[in-house]
Protein chains: 2
Amino acid sequence: MRRLRDIGEFGLIERIEGRVGARSVPGVSLGIGDDAALLRLRAGEELAVSTDALVEGVHFRWQTQSAVGVGRRAVAVALSDLAAMGARPLGCTVALAAPPELPLRRIDDLIRGIVAEAGRHGCPLVGGNVTRASETSLTLTVLGGVKAGRALRRHSLRAGDRLFVTGVLGAGALALARSERGGAKLRRVPEPRLAAGRALVRTAERCACIDVSDGLLADLGHLLEGSELGAELEVDRIPLPRGFAGACRRLGCDPTHLCLAGGEDYELLFTLPPRSPLAGSTARLARRLAVEVTEIGRISARPGIRGLPELPRAGGWRHF
Amino acid sequence: MRRLRDIGEFGLIERIEGRVGARSVPGVSLGIGDDAALLRLRAGEELAVSTDALVEGVHFRWQTQSAVGVGRRAVAVALSDLAAMGARPLGCTVALAAPPELPLRRIDDLIRGIVAEAGRHGCPLVGGNVTRASETSLTLTVLGGVKAGRALRRHSLRAGDRLFVTGVLGAGALALARSERGGAKLRRVPEPRLAAGRALVRTAERCACIDVSDGLLADLGHLLEGSELGAELEVDRIPLPRGFAGACRRLGCDPTHLCLAGGEDYELLFTLPPRSPLAGSTARLARRLAVEVTEIGRISARPGIRGLPELPRAGGWRHF
């Protein structure tokens, strides 16, 4: 079996270049192969940039995930941050660290996953770095363009704003529980809500937005941070995956905990002003954003999050 | 002794935010704290982006380097890629991975080094990621602006072009040898030649450029890659640090090897057309670039690098 050490740094870079190809991409003046990549914004745009890392043994395990899936997931999760700002993807870089004894097939699959997912979202891989390390990790930096002054910033929320979420919550944590407790392969790749974010930039008068990566409660907390505002949740309205309660029961998980604090959903949690014409009907809003949308509560002048049931344990993902 | 695990992910992010401060920076619409940072290019500029990683045990060792030095070095090395494109720094992100048992003081020093070096070059830290990992690593992504169509690309070289290098070669490898063989602390932080790169963008009619990270021969090879051109080096003209031969002798290193293949210098290696008015006198060129400049050879129509002495072993840094 061939391993990473058999091809070395430049062999790996060549493999990545080969996978990416030389096809010219609008907005990319210069891709992989020089000291830096060169990208063009459109007139009136500013740059949105976000960095995210997946580490073997912390964010993924070879035993439960395919290498293609890990690569796809790394890109999807990073792009979710651009979605939450309402930016259109321009390009991305990947810093790949791996042990020299990693099988080449695994590296090839990782790259294949990265390039496929990046391509699917119009976010070409334009550069990066490769190095050896004692465990595999992927650090993605995604670059996007957004109309200057129009990005969906967390700070722009006010008391009375209505609170919405795209898609369903709990699916990410359920897939993880299935893989950890049920021994199933983790196949789920989250869908970055890029079109919804961009539609909000184009059409919302005022919108605060965050992507739900750490769990609804934790991320709602982040949205409120520094604002002295609170939120009234209507927990019964939180949209759940089909068959969620039964699936949770079979795995011995608490469904309330999974949907409120499980994380890994990468849906957009956003606010709109109380009388926003955009939110006149949730069905119309959903058509505009090209994704299912549910109203789940309201921003209130009183700090803290209310409307919660008792939770079995405090939520969110701990990184250390 | 307090350790990283005692403060957790959000504690660490707070510490970084505290170190960076809330001072508003021109070009930065939004710094740390949202889903993505927002940066503004100037009219007529395109974006230059480069990613670079330093891994404990591969690129640095706690035994031989201070944490402040590691942080400073990570930024300097990444910025060298912007210098080699002739871009002005706009901002950077850092993905920090570290074991939970890492002493807090070390993390604080790392951050201090990153923020200080980034500040020194007008390249504010605008975002990033923190995660646990089994070894410490820093992945820097640097973002810069460069006049559209004017970046210093490797491809723009032709036969007859004159070959120049900034500063001296061998100092980086010598410092490394001193630390590895002589037991000295590695204190050297390379100086990214940002002003020189920008001056070349402003004044050179045509200029191919690369930074010398892997060693002169390896990086000259990268410059020539894909061009079917070669180079005639005048090895005797290669600018060396003061007292270089003696220092090498005392450490048992071969000075020719160190200056040609040692790497770690982060000087700019660049070409100018044969009759470029900019290169009429090397002294004037040096004033323009605000750094010592030496002419060390010529690009030739014949592939390969000529003018070399025998080398004790093949050069360049192997990453795997």
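## Strand E9 of chain A and its neighbours

Let's start in chain A of this predicted model. Here strand E9 (residues 230–233) and strand E12 (residues 304–306) run parallel, and three bridges join them. If you look for A:Ala231 in E9(A), you will find A:Ile305 as its bridge partner in E12(A).

E9(A) also pairs with strand E11 (residues 293–300) of chain A, this time through four bridges, and these two strands run antiparallel. A:Ala231 has a bridge partner here too: A:Ile299 in E11(A). Try finding A:Ala231 in the structure, then look for A:Ile305 and for A:Ile299.

## The whole sheet in chain A

Where do these strands fit in the sheet of chain A? They belong to an open sheet of six strands, ordered E8-E10-E7-E11-E9-E12, and its pairing is mixed. At the edges stand strand E8 (209–211) and E12 of chain A, each of which pairs on one side only. From one strand to the next, the twist averages 25°.

Another antiparallel pair in this sheet is strand E7 (residues 162–166) of chain A with E11(A), joined by five bridges. Within that pair, A:Thr166 stands opposite A:Val293 of E11(A).

## Helices on the sheet of chain A

Now let's add the helices. Helix H6 (residues 216–224) of chain A lies across E7, E8, E9, strand E10 (268–272), E11 and E12 of chain A, and runs at about 145° to E9(A). Helix H9 (residues 282–289) of chain A packs on the sheet as well, where it touches E7, E10 and E11 of chain A. The direction of H9 makes about 110° with that of E11(A).

## Turning to chain B

How is chain B related to chain A? As a general idea, two copies of a chain are related by a rotation about an axis and a shift along it. In this model, a rotation of 180° with 0.0 Å of shift along its axis superposes chain B on chain A, with an RMSD of 0.0 Å. That is the relation of a two-fold axis. The same surface serves both copies, as 100% of the contact residues of chain B recur in chain A.

## The sheet in chain B

Chain B has an open sheet of six strands in the order E8-E10-E7-E11-E9-E12, with mixed pairing. Why is one side of E8 and of E12 left without a neighbour in the sheet of chain B? Strand E8 (209–211) and strand E12 (304–306) of chain B are at the edges and have a single partner strand each, so one side of each lacks a neighbour in the sheet. The average twist between one strand and the next is 25°.

For E8(B), one partner to look at is strand E10 (residues 268–272) of chain B: the two run antiparallel and are joined by three bridges. There, B:Ile210 stands opposite B:Leu269 of E10(B). Helix H9 (residues 282–289) of chain B lies across strand E7 (162–166), E10 and strand E11 (293–300) of chain B, at about 110° to E11(B).

## Two helices meeting in chain B

Finally, have a look at helix H2 (residues 67–85) and helix H5 (residues 194–203) of chain B, whose axes come within 7 Å and cross at roughly 20°. That angle makes H2(B) roughly parallel to H5(B). The crossing of H2(B) past H5(B) is left-handed.

Which residues meet here? From H2(B) come B:Leu79, B:Leu82, B:Ala83 and B:Met85, and they meet B:Leu194, B:Gly197 and B:Val201 in H5(B). Of the residues in this contact of H2(B) with H5(B), six are nonpolar, one is polar and none is charged.

Methods. Residues are numbered from 1 along each chain as its sequence is written. Chains are lettered from A and ligands numbered from 1 in the order in which they are written. This is a predicted model: local features need pLDDT of at least 70, side-chain atom pairs count only at pLDDT 80 or more; totals for chains, interfaces and linings use all residues. Side-chain values use heavy atoms; hydrogens and water are left out. Copies are superposed by least squares on the C-alpha atoms of residues with pLDDT of at least 70 in both. Contact means heavy atoms within 4.5 Å. Two strands pair if DSSP finds at least two bridges between them. Axes are lines fitted to C-alpha atoms, for helices over the stretch in contact, and angles run from 0 to 180 degrees between N-to-C directions. Angles under 35 degrees count as roughly parallel, over 145 as roughly antiparallel, 65 to 115 as roughly perpendicular and the rest as oblique. A crossing is left-handed if the near helix is turned anticlockwise from the far one by less than a right angle, and right-handed if clockwise. Ala, Val, Leu, Ile, Met, Phe, Trp, Tyr, Cys and Pro count as nonpolar, Asp, Glu, Lys and Arg as charged, and the others, Gly among them, as polar.
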